[in-house]
2 protein chains.
Amino acid sequence: MLKLVKYKFPKMIDEENQGVLHVFESDKIPFPIKRIFTVVNASAKSKRGEHAHKACNQLLICLSGEIELFCDDGKNKETFLLESDGDSIGVPSGVWAEQTYNTNNSVLLVICDKPFSESDYIRDYDEFIKWKKIS
Amino acid sequence: MLKLVKYKFPKMIDEENQGVLHVFESDKIPFPIKRIFTVVNASAKSKRGEHAHKACNQLLICLSGEIELFCDDGKNKETFLLESDGDSIGVPSGVWAEQTYNTNNSVLLVICDKPFSESDYIRDYDEFIKWKKIS
């Protein structure tokens, strides 16, 4: 089984029509924030990710809708359901990850501990397995 | 006229069904990130904000839909339209701000340079005007 760390962030609803507030204080995040990215308006059942990072660690948070997160460390594979309840899963470096957007309105927030670097990505699964054996 | 600084962040569409990626590298943000918050699922025409911060500076980014941003520094008032094109407006401390969610699918991302502190908020407009005169 994959040992991924889960985090809980506040989710607040004040007045129903004013929507949902999610809050991420930097002292509740396990690393200094170097990069944030978001995915909106992905079609239901579309897939993103399908890569691993050599060094970058990430927190994945579903802000709206529902996102399926598949993770594989080269030995163990596991699928997690991210719902928009303030739960977050930490995906460390060296883990292959894929996200499937279950619903049209799903919104993903990702908080990273490294700036973008193309050389940090492994985008081919066979290459990932080779890299895991030597790393 | 209010002199607010605008920022531009990358917005990427790879394959249409995979949605829209917005990216925020920390070295493109004018301060260390101490807090992030998001608003999703607000009803069209609903309003949030309606307060000023004494010390906290913020970047406001519309990730989806359209959000109207009203700002008032005590002398000048101005309304900006935030569209989901990667544009961001910096709202500095000492500015009263209100956001109106123009569409149901609007998503707001706010990046702050201070952690949450209730004493940093001025939630009453008359009190804000008084505070501006002595600050």
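In β3(A), which residue is the bridge partner of A:M12? The partner is A:L21, and the legends below, which describe a predicted model, begin with the overall fold before returning to that pairing.

**View 1. The fold of chain A, with one helix and 12 strands.**
Followed along the sequence, chain A runs through the pattern β-β-β-β-β-β-β-β-β-β-β-β-α. The radius of gyration of chain A is 15 Å, close to the 14 Å given by the globule rule for 135 residues, so chain A is as compact as a globular protein of that length. The C-alpha trace of chain A extends over about 55 × 35 × 30 Å along its principal axes, and 32% of its 135 residues count as buried. When contacts between residues at least 6 apart in sequence are considered, 78% of those in chain A join residues at least 24 apart.

**View 2. Strand β3 of chain A, which pairs with β2 of chain A and with β4 of chain B.**
Within chain A, strand β2 (residues 11–12) pairs with β3(A) in the antiparallel sense over two bridges, and A:M12 has A:L21 as its bridge partner there. Across to the other chain, β3(A) is joined by six bridges to strand β4 (residues 35–40) of chain B, and these two strands also run antiparallel. A:L21 therefore deserves attention in this view, as it is the bridge partner of A:M12 in the one pairing and has B:V39 as its bridge partner in β4(B) in the other. Further along the strand, A:F24 has B:I36 as its bridge partner in β4(B).**View 3. The side of chain A that touches chain B.**
In this view, 30 residues of chain A are in contact with 30 residues of chain B. Four strands of chain A, namely β3 (20–25), β4 (35–40), β6 (58–64) and β11 (107–112), each supply at least two residues of the side that touches chain B. By residue type, this side of chain A divides into 15 nonpolar, 10 polar and five charged residues.

**View 4. The relation between chain A and chain B.**
A turn of 180°, with a shift of 0.0 Å along the axis, lays chain A on chain B with an RMSD of 0.0 Å. The two copies are thus related as by a two-fold rotation axis. In chain A, the C-alpha nearest that axis belongs to A:I33, at 3.3 Å from it. Both copies use the same surface, in that 100% of the contact residues of chain A recur in chain B.

**View 5. An open sheet of five strands in chain A.**
The strands of this sheet stand in the order β8-β7-β10-β5-β12, with antiparallel pairing. At the edges are β8 (77–83) and β12 (121–122) of chain A, each with a single partner strand, so one side of each is left without a neighbour in the sheet. Strand β5 (residues 47–53) of chain A is joined to β12(A) by two bridges, the two strands running antiparallel, and within this pairing the bridge partner of A:H53 in β12(A) is A:Y121.

**View 6. The largest nonpolar core, with 59 residues.**
The members of this core that touch the most other members are A:L60, B:L60, B:L108 and B:I111. Strand β11 (residues 107–112) of chain B gives the most to the core, with six residues. Once its neighbours within four places in sequence are left aside, B:L60 is in contact with B:L69, B:L82, B:S88, B:I89, B:V91, B:L108 and B:V110.

**View 7. The surroundings of A:A44, in the loop between β4 and β5 of chain A.**
A:A44 counts as partly exposed, because 14 C-beta neighbours lie inside 10 Å. Not counting residues up to four places away in sequence, A:A44 touches A:Y101, A:N102, A:T103 and A:N104. The C-alpha atoms of A:A44 and A:T100 are separated by 8.0 Å, although these residues are 56 residues apart along the chain.

**View 8. The surroundings of A:K3, in the segment before β1 (6–8) of chain A.**
A:K3 is exposed, with 8 other C-beta atoms within 10 Å. From C-alpha to C-alpha, A:K3 and A:E68 are 17 Å apart in space, and in sequence they are 65 residues apart.

Terms used:
Residues are numbered from 1 along each chain as its sequence is written. Chains are lettered from A and ligands numbered from 1 in the order in which they are written. This is a predicted model: local features need pLDDT of at least 70, side-chain atom pairs count only at pLDDT 80 or more; totals for chains, interfaces and linings use all residues. The radius of gyration is taken over C-alpha atoms; the globule rule is 2.2 Å times the number of residues to the power 0.38. A residue is buried if 20 or more other C-beta atoms lie within 10 Å of its own, exposed if 12 or fewer, and partly exposed in between; C-beta atoms are placed from the backbone. Two residues are in contact if their C-beta atoms, placed from the backbone, lie within 7 Å. Ala, Val, Leu, Ile, Met, Phe, Trp, Tyr, Cys and Pro count as nonpolar, Asp, Glu, Lys and Arg as charged, and the others, Gly among them, as polar. Two strands pair if DSSP finds at least two bridges between them. Copies are superposed by least squares on the C-alpha atoms of residues with pLDDT of at least 70 in both. A nonpolar core is a set of buried Ala, Val, Leu, Ile, Met, Phe, Trp, Tyr and Cys residues joined through C-beta atoms within 7 Å.
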